[in-house]
Amino acid sequence: MLPSCTDIRFLTSSFRWTDVVSPFTPTVDELLPPLTTQQELALLARVLWREGWNDHLAGHITINRGDGTLWCNPWLLQWNELRPEHIIAVDLDGNVVEGDWPAPLGLPLHLALHRARPDVQVTVHSHPQFATVWAARRELPAVLDQSGALGGGELVLVDEYSGTVDSGDAAHDAVEALGDADLALLAGHGALVIGSSVRAAHQRAVALEHRSRLAWRVAAASTGVGDGAGDGVASALPEPIQRRMRQSDGTRFIGFWEAAVRGELIADPTLLGPPR
Ligand SMILES: [Zn+2]
């Protein structure tokens with residue numbers, strides 16, 4: 001049945017343009033609107049989902065609140081549907097201390113990491129499509145271009161770990177094997193990225209998946225027939241360049257995170273609006 005004129009007046013009285021259009025127009029001096037930490041976490045999950053960090057319900061993002069608790073995505077929701085009001089807070093034993101949703105499975109890895117390295121601010125773990133290929137191969141992908149080295153940090157293979165991350169002991173072993181590294185491929189499992197901020201974690205997570213995807217494609221292409229334009233042999237970036245890029249803290253590429261967030265706000269302009 002079509003709505004009556006009274007119904008239409010009721011509907012239009014609650015209409016707001018901010019519900020259907022991007023709520024923000026960037027300028028050179030202001031690339032993003034102010035964001036709460038919960039908004040940042042939800043946006044980080046969504047933009048990484050588009051980058052291949054999209055293994056269904058798997059994956060956790062934690063942000064250190066500095067008081068012995070962590071912001072965290074909840075269990076039961078995928079990263080591509082996450083909203084700021086879904087974000088929970090957990091203590092370092094995994095107990096939910098704020099929020100309406102349960103803690104995600106596999107969180108002991110994050111808890112052990114934050115306990116062992118209190119300076120860690122943001123941690124991202126999931127099973128990204130191409131990084132997990134190399135994790136399954138128990139091999140670090142070569143750095144074949146600059147985009148794969150963005151964000152810096154040391155990537156290591158954590159091979160002492162076996163099984164899932166549900167066991168507290170396994171999580172402790174994995175953190176021991178990680179040492180002071182900033183990124184890890186978890187053998188037969190997935191990937192882990194650490195950053196000093198959401199911006200840094202985003203840059204590194206995107207770069208790791210790019211690096212893994214390019215190395216996989218180049219390896220696949222090298223088994224085919226070349227076009228004769230070159231020798232068909234890929235080479236890694238020169239080590240001095242890699243060494244310099246590894247020293248980045250992931251925060252220096254202004255605009256990269258901001259552009260990704262604006263893209264997500266265009267896709268879902270309601271994200272910064274009232275809870276749904
Ligand atoms: Zn996992």
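How many bridges pair strand 3 and strand 4, and in which sense? The two strands pair in the antiparallel sense over two bridges. The legends below describe close-up views of a predicted model, in which local features need pLDDT of at least 70, side-chain atom pairs count only at pLDDT 80 or more, and totals for chains, interfaces and linings use all residues. Residues are numbered from 1 along each chain as its sequence is written.

**View 1. The sheet is open and has eight strands.** The strand order is 4-3-2-1-5-8-7-6, with mixed pairing. Strand 4 (96-98) and strand 6 stand at the edges with a single partner strand each, so one side of each has no neighbour in the sheet. From one strand to the next, the twist averages 25 degrees. Strands (E, at least two residues) and helices (H or I, at least four residues) are DSSP runs numbered from the N terminus. Two strands count as paired if DSSP finds at least two bridges between them. Within strand 4, Glu98 is the bridge partner of Ala89.

**View 2. Strand 8 (residues 190-195) pairs with strand 5 and with strand 7.** Strand 5 (residues 122-126) and strand 8 are antiparallel, with five bridges. Val193 in strand 8 is the bridge partner of Val124. Strand 7 (residues 183-186) runs antiparallel to strand 8 and is joined to strand 8 by four bridges. Leu186 has Gly190 of strand 8 as its bridge partner. Strand 7 and strand 8 form a hairpin with three residues between them, and Gly188 in the turn has a positive phi of about 65 degrees. Six of the six residues of strand 8 are buried. A residue is buried if 20 or more other C-beta atoms lie within 10 Å of its own, exposed if 12 or fewer, and partly exposed in between, with C-beta atoms placed from the backbone.

**View 3. Helix 6 (residues 198-221) lies across strand 5, strand 7 and strand 8.** The helix runs at about 145 degrees to strand 8. Angles run from 0 to 180 degrees between N-to-C directions, and axes are lines fitted to C-alpha atoms, for helices over the stretch in contact. Helix 6 has 24 residues and reaches 34 Å from its first C-alpha to its last, close to the 34 Å expected at 1.5 Å a residue. The expected span is 1.5 Å times one less than the number of residues. Of the 24 residues in helix 6, 17 are buried.

**View 4. Helix 6 and helix 8 cross at roughly 85 degrees.** Their axes come within 9 Å. The two helices are therefore roughly perpendicular to each other; the cut-offs are 65 to 115 degrees for roughly perpendicular, under 35 for roughly parallel and over 145 for roughly antiparallel, with the rest oblique. Arg199, His202 and Gln203 in helix 6 meet Phe256, Trp257 and Ala260 in helix 8. Two residues are in contact if their C-beta atoms, placed from the backbone, lie within 7 Å. By class, this contact has three nonpolar, two polar and one charged residues. Ala, Val, Leu, Ile, Met, Phe, Trp, Tyr, Cys and Pro count as nonpolar, Asp, Glu, Lys and Arg as charged, and the others, Gly among them, as polar.

**View 5. Helix 2 (residues 37-50) crosses helix 8 (residues 256-267) at roughly 90 degrees.** The axes come within 10 Å. This makes helix 2 roughly perpendicular to helix 8. Leu43, Arg46 and Val47 in helix 2 meet Ala260, Val261 and Glu264 in helix 8. The residues of this contact divide into four nonpolar, no polar and two charged.

**View 6. His60 lies in strand 1 (residues 60-64).** His60 counts as buried, with 26 C-beta neighbours inside 10 Å. Not counting residues up to four places away in sequence, His60 touches Cys72, Asn73, Pro104, Gly106, Leu107, His110 and His125. His60 and Leu192 are 132 residues apart in sequence, and their C-alpha atoms are 9.6 Å apart in space.

**View 7. Leu76 and Arg138 each have a positive phi.** Most residues other than glycine have a negative phi. Phi of Leu76 is near 85 degrees, and that of Arg138 is about 55 degrees. Leu76 is in the loop between strand 2 (69-72) and strand 3 (88-91), and is exposed, with 10 other C-beta atoms within 10 Å. Arg138 is in the loop between helix 4 (131-137) and strand 6 (155-158), and counts as exposed with 12 C-beta neighbours inside 10 Å.
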